[in-house]
Amino acid sequence: MRFASLGSGSEGNGLVVEAGDTRVLMDCGFGLADSVARLARLGLQPGDFAGIVVTHEHGDHIGGVGRLARKYRLPVWLTAGTLGMAQDLDGVAVQVIDSHAAFVVDGLEIQPYPVPHDAREPVQYVFGDGERRLGVLTDAGCSTPHIEAMLAGVDALVLECNHDAAMLENGPYPAGLKRRVGGRFGHLENGQSAALLDRLKHAKLQCVMAAHVSKKNNTAALAQCALSRVLGCADDDVRVACQTAGFDWIRI
Ligand SMILES: [Zn+2]
Ligand SMILES: [Zn+2]
């Protein structure tokens, strides 16, 4: 099983997960030509995908889904709440999922789980091939016992490190947006992500990627520092998904 990122952050997200010949895209917040170019960097074309799983209706996650799915006839899986808020899915073959029920797409088992975030019915996902599991958690204002149960024992983790609390507090966002981002339905702050990782870490956790790092309210170095303390590794050993380049294939 392997995975790679098309880009990560408030300007657009996309994660490719592959098990054998099965490939799904989780979210697509990029324009059509940009998405195709980002996929080409990974040696992929849109037609290589079994479909797109969507986490929630925010533009950085769903903004490019409709165009890509229509043009390349890709099915889209999403919750009823996300479908209700989606603006651009006319003509797309949508499959409404239960936010608690795992489903299978060819060789991939996909387990959605609900998260606290300011969207209608947001979920995140754990992907498995029967041997290994990849957990993804971005766009959550806080952790919950359910999140931690879903991510327990994963072999790899893509974990939001959205902001640094002091940078958000002292940064350029208006007060209302600061409250939203830092609130219980906003985004994970470095310290929250580190505390969660501390509860989740286990001997077989091979890989942790910091993701959805804010350009205005965080730095890669701060995110790396927060997670490396928990993992007991050098800061540079923590990899960070960036907005422009995402990250290259990681095999687990
Ligand atoms: Zn987001
Ligand atoms: Zn969001």
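Arg73 is exposed, with a relative accessible area of 78%. Its phi is near 55 degrees, a positive value in a residue other than glycine. Arg73 sits in the loop between α3 and β5. These values come from a predicted model. The points below move from backbone turns to the sheet, the hairpins, the cores and the two zinc ions.

**Positive phi angles**

- Asp27 also has a positive phi, near 70 degrees, and is likewise a residue other than glycine.
- Asp27 belongs to the loop between β3 and α1 (32–41).
- Is Asp27 buried or exposed? Asp27 is buried, and its relative accessible area is 1%.
- Asp106 takes a positive phi near 50 degrees in the hairpin of β7 and β8.

**The open sheet**

- How many strands form the open sheet? There are 7 strands, and their pairing is mixed.
- Their order is β6-β5-β4-β3-β2-β1-β14.
- The edge strands are β6 (94–97) and β14 (247–251). Each of these edge strands pairs on one side only.
- Neighbouring strands in this sheet are turned by 25 degrees against each other on average, with direction ignored.
- Helix α3 (residues 65–72) packs on the sheet. The helix touches β3, β4 (51–53) and β5 (76–79).
- The direction of α3 makes about 160 degrees with that of β4.

**Strand pairs**

- Within the open sheet, β2 (residues 14–19) and β3 (residues 22–26) pair in the antiparallel sense. This pairing runs over 5 bridges.
- Leu15 has Met26 of β3 as its bridge partner.
- Strands β7 (residues 103–105) and β8 (residues 108–114) are also antiparallel, with 3 bridges.
- Val105 has Leu108 of β8 as its bridge partner.
- The hairpin of β7 and β8 has 2 residues between the strands.
- Strand β8 pairs with β9 (residues 123–128) too, again in the antiparallel sense. Here there are 6 bridges.
- Glu109 stands opposite Gly128 of β9.
- A general point helps here: strands of a sheet pair through backbone hydrogen bonds, either parallel or antiparallel.

**Nonpolar cores**

- The largest nonpolar core has 28 residues.
- Which members touch the most other members? They are Phe3, Val17, Ile110, Tyr125, Phe127 and Leu134.
- Take Val17 as an example. Leaving out residues up to four places away in sequence, Val17 touches Met1, Arg2, Phe3, Thr22, Arg23, Val24, Leu108, Phe127 and Leu134.
- Another core, of 25 residues, lies apart from that one. Among its members are Leu159, Val213, Ala223 and Leu227.

**Zinc ion, ligand 1**

- The protein donors of the zinc ion (ligand 1) are Asp60 (OD), His61 (NE2), Asp139 (OD) and His212 (NE2). They lie 2.1 to 2.2 Å from the ion.
- Along the chain, the donors of ligand 1 follow the spacing D-H-x77-D-x72-H.
- The site of ligand 1 is irregular, with angles of 90 to 160 degrees among its 4 donor atoms. Why not tetrahedral? Four donors count as tetrahedral if all angles lie between 85 and 135 degrees, so an angle of 160 degrees falls outside that range.
- Asp60 and Asp139 link distant parts of the chain, 79 residues apart. Asp60 is in helix α2 (residues 59–62), while Asp139 is in the loop between β10 (133–137) and α5 (145–151).
- Both Asp60 and Asp139 are buried.

**Zinc ion, ligand 2**

- Which residues are the protein donors of the zinc ion (ligand 2)? They are His56 (NE2), His58 (ND1), His117 (NE2) and Asp139 (OD), lying 2.1 to 2.4 Å from the ion.
- The donors of ligand 2 follow the spacing H-x1-H-x58-H-x21-D along the chain.
- The site of ligand 2 is irregular, with angles of 92 to 169 degrees among its 4 donor atoms.
- His58 and Asp139 also link distant parts of the chain, 81 residues apart. His58 lies in the loop between β4 and α2.

**The shared donor**

- Asp139 bridges the zinc ion (ligand 1) and the zinc ion (ligand 2).
- The two zinc ions lie 3.6 Å apart.
- Asp139 is buried, with a relative accessible area of 1%.

Note on methods. Residues are numbered from 1 along each chain as its sequence is written. Chains are lettered from A and ligands numbered from 1 in the order in which they are written. This is a predicted model: local features need pLDDT of at least 70, side-chain atom pairs count only at pLDDT 80 or more; totals for chains, interfaces and linings use all residues. Side-chain values use heavy atoms; hydrogens and water are left out. Two strands pair if DSSP finds at least two bridges between them. Helices (H or I, at least four residues) and strands (E, at least two) are DSSP runs, numbered from the N terminus. Donors are N, O and S atoms within 2.8 Å of the metal (3.2 Å for Na, K and Ca); water is not among the atoms, so sites may look incomplete. Four donors count as tetrahedral if all angles lie between 85 and 135 degrees; four count as square planar and six as octahedral if opposite donors are over 155 degrees apart and all others between 65 and 115; anything else is irregular. Buried means under 20% relative accessible area, exposed over 50%, partly exposed in between (1.4 Å probe, protein chains only). A nonpolar core is a set of buried Ala, Val, Leu, Ile, Met, Phe, Trp, Tyr and Cys residues joined through side-chain atoms within 4.5 Å. Contact means heavy atoms within 4.5 Å. Axes are lines fitted to C-alpha atoms, for helices over the stretch in contact, and angles run from 0 to 180 degrees between N-to-C directions.
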